[in-house]
Each structure stands twice: as C-alpha cells, then as structure tokens.
Amino acid sequence: MLKTFTLGGIHPPREKLSSGSAITPLPLPERVSIPLSQHIGAPALPLVKKGDRVKVGQLIGEAAGFISANVHSSVSGVVLNVEEAVDASGYARLAVVIRVEGDEWDDRVKQRESPDRYLSAYSREEMLSAIQAAGVVGMGGATFPTRVKLTPPTGSRPEILIVNGAECEPFLTADHRLMVERGRELLIGTRFLMKALGVEQAIIGIENNKPDAIAKMREAVAKHALGIKVCPLKVKYPQGGEKQLIEATTGRHVPSGALPISVGVVVHNVGTVYAAYEAITMHKPLVERVVTVTGKSLARPGNYLCRVGTPVACLIEAAGGLPGDTGKVINGGPMMGKALASTDAVVTKGTSGVLVIPVGEALRKPYRDCIRCTRCVQVCPMGLEPYLLMTLGEYQRTGELERERVMDCIECGACSFACPAYRPLLDVIRLGKSRVGQMIKSRK
Ligand code: SF4
Ligand code: SF4
C-alpha cells in the first residue's frame with residue numbers, strides 16, 4: 001500500500017501540463033537583477049560596484065553571518081548598479097544589476113571526470129565548505145541555507161536523510177524533470193549529503209503520479225547506492241510538507257514547534273541535492289535553476305533552466321508570451337504561491353515555478369459567513385482549527401492565536417481550498433502568524 005500522512009490533506013486537480021517537457025536552457029536575458037537576499041537569514045553584503053566586470057560564478061555578495069548565504073553572478077558582463085529593486089515578494093531589496101555580455105564563466109567552475117570519486121576524496125568538512133561557498137539554499141521554496149541544515153545542533157543525532165521529490169503542488173514539474181533527466185547526479189548528490197550528515201540511510205519520497213521519475217531513481221539506486229531507497233507516495237496534498245513527508249516515509253511524528261532533527265531526520269529537496277552535487281563536483285555556485293512555466297492559457301508550458309536574476313517576463317516569453325486574458329501571474333504553484341505585482345520580478349534561488357492564470361479563474365469569489373461545516377478542520381494536515389485561527393486573526397487576538405498553535409501552520413492553503421464559503425482563511429492566518437512571530441521575537 002502506498003504511504004502517506006494521516007491527518008487531513010486534499011486532492012486538488014493536478015494539471016501537470018509540463019511533465020513531459022524536457023528541461024530547456026533559457027536564452028540569456030539582456031540584463032539580470034540579482035537580489036542579495038534570496039535566502040532565510042541576513043542579506044549578503046555586496047562585493048561589487050557600478051562599472052565592475054564580472055564572470056559567471058563570481059562571488060558578488062558575501063554571506064553576512066552563519067544564517068546567510070553567498071550570492072554569485074549568474075552572468076558575465078558589467079555591473080550597472082547596486083540598487084533597491086522590488087522582488088517577487090513585493091518588497092524592495094538590494095540587488096546587483098548586470099548588463100549581460102557574452103557567457104564567460106569563472107575559471108574554477110569546471111565539469112570534472114568521475115564525480116563519484118569526491119565521495120572518498122572529500123572529507124565531510126570539505127563537502128560542507130563547498131556547499132557553503134556555492135551559496136546553496138533550500139530550493140523547494142524554503143531557501144534555508146543548506147550548510148546550516150547540514151550542521152545539526154549539538155546533542156542531536158541525524159539518522160535519516162529524506163530527499164523530497166514529492167512535488168505535490170499542482171502544475172509544478174521542475175523536480176519531476178530533474179529526477180527523470182538527472183537521476184544519476186541526484187543519487188551521487190544524495191550520497192554526498194549522507195556523508196555530510198553522517199547518516200547511513202536515505203529515503204527518496206516521490207508521489208505516485210510520477211512513475212517515470214520513480215523508475216529512473218530506482219534504476220540509479222540499484223546501480224549505485226547502498227542504504228538509499230525510493231519510496232512511492234500516495235498522491236495527496238501537501239505530501240511534500242516536511243512533517244507530512246517524514247510521517248509518510250518513516251512513521252515518525254515531529255512534535256509541535258520542533259524541527260525534523262528532533263526525530264533524527266533531515267529533509268532536502270531534490271533541487272537542493274542537485275545544487276549540492278554541482279557545488280562539490282564542479283565548484284559551481286547556485287547561479288541557475290529549473291523553473292516550471294505553466295498555465296492552461298500558455299502556448300508552450302515547459303521546464304526552463306534559467307539564470308538567477310532573469311526577469312519572469314523572459315520566461316513567459318519563452319513559453320509563448322503572456323496571453324491577453326491573463327488575470328494573475330503566480331510565483332510558485334497555485335496552492336502556496338503568491339501573485340506577482342509585475343513580471344519584472346526576477347527568478348531567485350527559491351523560484352520553482354511561474355503560473356499564468358486567466359482572468360476568469362483568477363477572480364476570487366465573494367466570501368460568506370462561516371457555516372461551521374468543519375471542512376477546514378478535517379483537511380488541515382497540522383491538526384489546527386483554521387476557522388478559529390481566522391476569527392482570532394481578524395480580531396487581532398494574538399495571545400490566543402499563539403495558544404491555538406498558529407505557528408504550526410505550514411501555509412499549505414488546504415483550508416482555503418476546501419472552504420465552501422470561500423473564506424480567505426490562509427490570508428488572515430498568514431497575517432496572524434506574522435504578528436505572533438513578532439511577539440515571540442520581541443519577548444526574546
Ligand atoms: S494553511 Fe495552515 S491552517 Fe490552513 S490547512 Fe494548511 S496548515 Fe492548516
Ligand atoms: S470550511 Fe469554511 S465554512 Fe466550513 S468551518 Fe471552515 S471556515 Fe467555516
């Protein structure tokens with residue numbers, strides 16, 4: 001029987017329009033704008049100024065502390081400015097704007113022979129340093145610096161690495177294609193991370209709607225890897241949520257407020273594993289990633305390998321151009337993604353998809369009073385009471401929100417999806433979470 005998590009969950013229409021589209025390199029844009037804050041933690045400090053010439057892979061922003069990440073140039077060319085630019089979240093942040101000239105890579109970035117030899121050639125510390133130097137962060141959207149996640153707190157004992165290939169968001173297929181097309185590299189990357197963590201076991205969790213990815217990864221595991229197994233999962237949203245994936249693959253439950261390491265588990269997305277592979281075997285910084293560009297109205301939905309800092313408009317152009325009836329462009333998938341204010345927003349390390357929605361589907365229905373049907377409670381994978389959290393959020397009852405475990409909300413949107421009264425549960429809960437977060441910070 002296929003494994004899954006026990007509490008809640010929903011079955012939104014899958015609409016994986018681009019699952020058969022091979023990863024295609026996107027032509028270089030004329031200019032990029034590379035934010036110095038693309039990760040959780042302190043923004044990187046700029047190392048370049050207007051007029052500097054840079055190469056692909058050159059360090060242009062240095063991590064400003066333990067929880068931070070290096071930022072590298074994704075193109076070669078001339079720095080036009082280091083300026084505030086509005087990013088995909090709608091906030092202005094410092095970014096390095098570069099006019100693209102040619103495609104000259106930093107000399108240290110090289111494709112090397114026998115990548116698996118690094119398993120014995122590199123010590124654990126060398127692997128961690130390579131990952132840190134390359135500015136690798138969680139590419140499933142969390143953007144937590146990978147080196148930090150691979151350095152569990154003193155006293156904790158990692159036992160299992162879980163590679164997250166669930167990709168449960170409807171429409172998104174970037175991880176799916178990586179598994180189909182780069183299975184061997186992902187396997188070697190998984191072994192690197194196992195060594196970096198000091199664990200003997202890894203589980204690759206993949207939803208069962210990606211049989212070709214399951215087959216590819218099983219083939220790679222059979223040839224190359226001891227201690228790694230592929231775990232097909234039931235298709236249920238949010239199967240890719242960390243706590244849900246851990247329960248499904250290991251049966252372990254992460255307690256409220258605790259991290260996965262508290263049950264001996266560390267989870268990394270397949271994109272992150274691939275970036276770690278490139279960092280260790282090629283000294284290649286995280287300067288490009290696969291992004292799904294999709295939507296029923298697009299002429300050519302696909303999976304594009306594009307440089308960090310590329311405007312979303314260039315991706316949409318490659319997918320056939322912005323349809324005239326577009327109502328919304330979402331950064332991410334339909335469940336957890338956020339609407340973009342402009343297609344000038346750029347791809348960052350955490351951008352997994354761009355979804356174009358026609359105006360007819362983009363408009364929200366007017367919401368009505370809660371009818372106490374409890375649908376939202378039944379589908380919440382964290383065992384919360386979303387209708388109550390929304391009410392407490394509306395009345396700004398921050399203390400009660402904290403007691404009702406609002407910080408456990410993983411912002412999956414299952415409650416909003418299921419609500420027959422179309423109540424904007426997630427929007428209000430997000431605001432409440434942010435208020436509780438500030439309150440906790442001020443206490444510290
Ligand atoms: S968004 Fe939060 S409250 Fe709503 S279902 Fe997901 S975890 Fe539960
Ligand atoms: S699903 Fe909507 S209507 Fe039903 S209890 Fe929750 S908030 Fe109320």
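**Notebook: loops, sheets and ligand shells**

I began at Tyr422 and located this residue in the loop between helix 14 and helix 15. The model I am reading is a predicted one. I looked up the backbone of Tyr422 and found phi near 55 degrees, a positive value in a residue other than glycine. Is Tyr422 buried or exposed? I noted 12 C-beta neighbours inside 10 Å, and exposure is assigned at 12 or fewer, so Tyr422 counts as exposed.

**Entry: Arg372**

I then turned to Arg372, which I found in the loop between helix 10 (359–362) and helix 11. Its phi is positive at about 55 degrees, although Arg372 is not a glycine. I recorded 9 other C-beta atoms within 10 Å of Arg372, which is therefore listed as exposed.

**Entry: helix 12 and its surroundings**

I looked up which residues of helix 12 (residues 386–394) are buried. The list reads Pro386, Tyr387, Leu389, Met390, Leu392 and Gly393. I next asked which helices these buried residues pack against. I found helix 11 (375–379), helix 13 (398–403), helix 14 and helix 15 as the partners. After helix 12 I noted Gln396, with a positive phi near 55 degrees.

**Entry: the two ligands**

How many residues surround ligand 2? I read 14, and the closest are Cys370, Cys373, Cys376, Tyr387 and Cys419. Tyr387 had already appeared in my list of buried residues of helix 12. By class, I entered the shell around ligand 2 as 10 nonpolar residues, one polar and three charged.

For ligand 1, I read a shell of 15 residues, in which Cys380, Cys409, Cys412, Ala414 and Cys415 come nearest. I checked which elements contribute two or more residues to this shell and found helix 14 (414–418) and helix 15 (425–443). Helix 15 supplies the most, with three residues. By class, the shell around ligand 1 comprises 13 nonpolar residues, one polar and one charged.

**Entry: domains**

I consulted the domain assignment of the chain, which gives domain 1 as 28–103 + 287–361, domain 2 as 115–282 and domain 3 as 375–443. I then looked up how far apart domain 1 and domain 3 lie, and recorded 30 Å between their C-alpha centres.

**Entry: strand 17**

I examined strand 17 (residues 353–358) and asked why it is described as largely enclosed by the rest of the structure. Five of its six residues are buried, so the description follows. Which strands pair with strand 17 is recorded here in two steps. Strand 13 (residues 288–294) pairs with strand 17 in the parallel sense, over three bridges. Within that pairing, I identified Gly353 of strand 17 as the bridge partner of Thr292. Strand 15 (residues 326–331) runs antiparallel to strand 17 and is joined to it by five bridges. On that side, I found Asn331 opposite Val354 of strand 17.

**Entry: the four-stranded sheet**

I traced an open sheet of four strands in the order 11-10-9-12, with parallel pairing. Strand 11 (228–233) and strand 12 (265–269) are at the edges; each has a single partner strand, so one side of each is left without a neighbour in the sheet. I entered an average twist of 25 degrees from one strand to the next. Inside the sheet, strand 9 (residues 160–165) and strand 10 (residues 201–207) run parallel and are joined by six bridges. I noted Ile203 of strand 10 as the bridge partner of Ile162.

I then looked up what lies across this sheet. Helix 5 (residues 183–197) crosses strand 9, strand 10, strand 11 and strand 12, and runs at about 145 degrees to strand 9.

**Entry: helix 4**

I checked helix 4 (residues 174–181) for exposure and found it mostly covered, with seven of its eight residues buried. The buried residues are Ala174, Asp175, His176, Arg177, Leu178, Met179 and Val180. I remarked that the list includes Asp175, His176 and Arg177.

**Entry: a cis peptide bond**

Last, I looked up the bond between Tyr237 and Pro238, which is a cis peptide bond with omega about 0 degrees. I placed Pro238 in the loop between strand 11 and helix 7 (242–250). Strand 11 is the edge strand I had entered above, with its single partner strand.

Key. Residues are numbered from 1 along each chain as its sequence is written. Chains are lettered from A and ligands numbered from 1 in the order in which they are written. This is a predicted model: local features need pLDDT of at least 70, side-chain atom pairs count only at pLDDT 80 or more; totals for chains, interfaces and linings use all residues. A residue is buried if 20 or more other C-beta atoms lie within 10 Å of its own, exposed if 12 or fewer, and partly exposed in between; C-beta atoms are placed from the backbone. Two strands pair if DSSP finds at least two bridges between them. A residue is near a molecule or strand if its C-beta atom, placed from the backbone, lies within 6 Å of it. Ala, Val, Leu, Ile, Met, Phe, Trp, Tyr, Cys and Pro count as nonpolar, Asp, Glu, Lys and Arg as charged, and the others, Gly among them, as polar. Domain bounds come from an automatic or database domain assignment. Axes are lines fitted to C-alpha atoms, for helices over the stretch in contact, and angles run from 0 to 180 degrees between N-to-C directions. Two residues are in contact if their C-beta atoms, placed from the backbone, lie within 7 Å.
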